[in-house]
Every structure is written in C-alpha cells, then in structure tokens.
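Here's a quick walk through one chain, feature by feature. Have a look at the fold before reading on.

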Amino acid sequence: MLLNWTVMILYNYFSAMFVGPGYVPLGWTPEKSQDCMYLQYCKVCQSYKAPRSHHCRKCNRCVMKMDHHCPWINNCCGYQNHASFTLFLLLAPLGCIHASFIFVMTMYTQLYNRISFGWSSVKIDMSAAKRDPRPIIPFGLSAFAASLFALGLALGTTIAVGMLFIIQMKVILTNKTSIESWIEEKAKDRIRYYQTDETFIFPYDTGSKWKNFKQVFTWSGIPEGDGLDWPVRDGCHQYSLTIEQLKQKADKRVRSVRYRAVEDYSGVCCPMTKGVKTFFTTPCTEEPRIALSKGDLILATRGLKHWMYGEKILDSAADGGIRERGWFPRKCVEKCQYDSETDQPVDGEKKNR
C-alpha cells in the first residue's frame with residue numbers, strides 16, 4: 001500500500017512539474033481585432049494576455065489560468081497541471097497519514113514488548129524484547145529515534161500540505177484561481193472606495209460546484225477547453241474579468257503616490273540596519289524587493305506599516321523599458337511635496353491586506 005501511495009504521489013508530482021501549466025502562444029491576439037481593447041498587452045511576450053492568463057516573472061511567460069508559481073515543482077500551477085498539482089496535495093497527506101499509523105503501531109508494539117512493571121518503577125529495555133517471536137527487523141534505540149523523527153515529518157507534512165489542498169479545493173469549487181480571488185477582492189474594494197452602484201459578478205463560476213469541479217478534473221486527465229476561451233455565466237461575457245482588471249490598473253495609477261528615496265537600501269529581504277520593526281515585519285510574500293539609491297523616485301501603490309510596494313521610476317529609453325517593482329522599507333523614502341500622479345495624502349493610499 002505504501003508503494004502504491006509513493007507511485008501515485010510521484011506520478012502527479014512529476015506530471016505537475018513536467019507537463020507545465022500551458023503558456024499563451026507568443027504573439028497571440030484575439031480573433032476579433034476590436035476585442036483587443038478589453039485585454040492587457042504583455043511587452044515581454046509581445047502578445048495580448050488571454051482571459052484568465054497572467055505573466056509570471058519567474059517563468060518569463062504568460063501562463064494560461066495561472067494560479068501561482070510553486071517553487072516545489074519549479075513551475076507554475078495553471079490550466080494544464082492544476083489537476084495533477086491538486087491530486088499531489090491530496091495524495092501526499094493521505095500517504096503520510098498511512099505512514100504515521102504504521103509508525104505509531106510499530107513503536108507501541110515494540111515498547112509494549114520491552115516494558116517491565118515493578119513495585120515502584122517502570123523500566124523499558126530497548127536491547128531486546130521480552131516476548132517471542134522476535135521481530136523480523138531489529139528495533140533498538142536508534143530505530144525508535146528514527147521512527148519518532150519520521151513520525152514528526154509525516155504529521156508535519158499532513159498538516160502543511162493538507163491545508164494547501166483545502167485552499168486549492170475552495171478556489172476550484174468556485175472555478176477561480178488564487179489570483180482571481182484576489183482580483184475579486186480588489187474589485188469589491190474599488191467599488192466600496194468610489195461608492196459606485198456597479199456590482200462585480202465573477203464570470204466563470206457556473207453556480208454548480210460539480211460543474212466547476214469537472215472543469216479541472218476529468219477522466220482523461222486533460223482539462224476542458226483550450227485555455228484561451230472559457231464558458232461564462234449568464235449576464236457576463238468573455239471579457240468581464242479583463243475589463244475589471246483594466247479598471248483596477250487605471251485605479252492603481254490614480255491612487256498611487258510618488259516618493260523619493262532618502263536612504264540607500266540594498267534590496268535584502270530582512271534588512272538589519274533599517275530598525276527592529278522593519279526587520280521583523282518583512283512581507284511574507286514571494287514578491288521581490290527593489291534596491292534603492294538616495295534620490296530615486298518610486299511610485300508606491302500599496303503599503304504596510306513599515307513596508308511599501310511600488311515601481312521605481314526609470315528612464316525608459318535608457319533602461320530599455322525594464323520595470324523594477326517590489327517592496328522597500330517605508331523609512332527609506334519620503335513623500336514628494338509635488339506629486340504629479342495624485343494629490344491625495346498618504347492616508348489615501350490603497351489599503352494593503
């Protein structure tokens with residue numbers, strides 16, 4: 001049974017790794033040229049971003065139905081490998097639960113065979129069992145320590161990977177990805193911020209958990225569709241989500257604040273020289289940090305109490321249009337007195353979660 005778990009776990013793991021998420025073809029454009037106005041353009045891939053696709057900085061490609069970039073498979077989780085990745089998250093905890101049961105029963109049996117009860121003490125002799133037959137595999141002190149260590153690893157994997165599986169199943173049953181859940185949350189924030197009468201309806205949720213489930217898991221292992229066109233619910237169309245993304249992108253430019261660097265920052269994850277609070281409150285995210293030199297201009301779009309996220313303002317001609325975005329310590333910058341992007345005060349910054 002353990003061998004079966006191992007084979008299934010490794011099969012889905014390597015499938016998620018080598019099959020890959022599926023990438024938007026380079027130079028892709030929608031069939032109708034007028035639909036380009038609803039899409040974002042990727043300068044790196046020299047193509048439009050198809051609905052539900054996003055550009056991954058690590059893969060350096062636009063990924064179809066991108067959920068996230070997973071360092072454990074060294075690839076993105078997306079349209080083609082979402083099912084394999086989720087099955088791996090399910091099978092790994094199940095195999096570890098089975099292994100934990102074996103470890104617990106083994107240690108219990110071996111300790112029971114080596115325990116001696118006295119009038120005033122209880123002794124455990126790990127040198128040999130008091131009962132026959134002797135175990136096929138010798139069980140001494142080192143074997144007990146190794147079994148206890150393996151039990152800890154199995155239980156830790158069960159908890160950690162099991163939580164990831166629950167998170168993935170929640171978004172799959174609503175036919176979303178982790179990125180789309182964040183987009184939906186930002187849409188609600190934008191509507192609440194401007195107090196408009198519009199309502200945002202996520203277009204790809206069919207309303208049935210079973211139908212949403214079947215869009216990812218199929219008997220053939222090949223997901224439905226081509227990764228570019230998606231079925232949508234009544235009242236929405238193919239570009240409802242991309243239109244909302246364009247609104248959020250415009251809103252980000254309006255609500256961004258210009259800052260000037262007053263201290264140098266090397267771009268390390270946990271800077272020791274920027275204060276204790278800055279060191280211990282570093283953002284728990286894979287998003288990069290950007291190095292700053294005194295006098296650099298940064299366009300901040302969101303922030304925490306001791307950290308901010310933004311884009312360094314560069315000379316596009318000199319730098320070849322490369323964008324530098326990431327986190328930096330708040331104490332390294334100060335707000336420009338005359339902000340060309342917005343006249344809002346610092347309190348008007350977009351709230352970060």
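In what order do the 5 strands of the open sheet sit, and is their pairing parallel or antiparallel? Keep in mind that this is a predicted model. The order reads β12-β11-β10-β9-β13, and the pairing is antiparallel. At the edges you'll find β12 (324-329) and β13 (333-335), each pairing on one side only. On average, neighbouring strands of this sheet are turned by 45° against each other, ignoring direction.

Zoom in on the β13 edge. Strand β9 (residues 257-261) is joined to β13 by 3 bridges, with the two running antiparallel. Tyr259 has Lys335 of β13 as its bridge partner.

**The cores**

The largest nonpolar core holds 21 residues, and Val24, Trp28 and Leu241 have the most contacts inside it. Helix α4 (residues 178-194) is the top contributor to this core, giving 3 residues. There's also a second, separate core of 15 residues, and Tyr259, Ile298, Phe328 and Val333 are among them. So Tyr259 turns up twice: it bridges to Lys335 and it belongs to that second core. As general background, nonpolar side chains in soluble globular proteins tend to be buried together.

Back to Trp28. Leaving out neighbours within four places in sequence, Trp28 is in contact with Leu39, Ser47, Tyr48, Lys49, Ala50, Pro51 and Leu228.

**Tyr239**

Where does Tyr239 sit? Tyr239 is in the loop between α5 (209-214) and α6 (240-255). Is Tyr239 buried or exposed? With a relative accessible area of 11%, Tyr239 counts as buried, because the cut-off for buried is under 20%. Not counting residues up to four places away in sequence, Tyr239 touches Pro30, Asp35, Tyr38, Leu39 and Pro51. Leu39 and Pro51 also appear on the contact list of Trp28. Tyr38 is 201 residues from Tyr239 in sequence, yet their C-alpha atoms are 6.4 Å apart in space.

**The annotated spans**

The unreviewed UniProt entry carries the annotation "transmembrane region" for residues 6-24, 87-108 and 136-167. Here's how two of these spans look in the model:

| Span | Helix | Strand | End C-alpha distance |
|---|---|---|---|
| Residues 6-24 | 74% | 0% | 33 Å |
| Residues 87-108 | 100% | 0% | 32 Å |

Residues 87-108 are helix throughout, at 100%, while residues 6-24 come in at 74% helix. Val24, at the end of the annotated span 6-24, is also one of the residues with the most contacts inside the largest core.

Terms used
Residues numbered from 1 in each chain as written. Predicted model: local features only at pLDDT ≥ 70, side-chain atom pairs only at ≥ 80, totals over all residues. Heavy atoms only, no water. Helix = DSSP H or I, 4+ residues; strand = E, 2+ residues; numbered from the N terminus. Buried < 20%, exposed > 50% of the residue type's maximum accessible area, 1.4 Å probe, protein only. Contact = heavy atoms within 4.5 Å. UniProt positions renumbered as here; feature names shortened; annotations may be inferred. Core = buried A, V, L, I, M, F, W, Y, C linked by side-chain atoms within 4.5 Å. Pairing = 2+ DSSP bridges. Axes fitted to C-alpha atoms, helices over the stretch in contact; angles between N-to-C directions.
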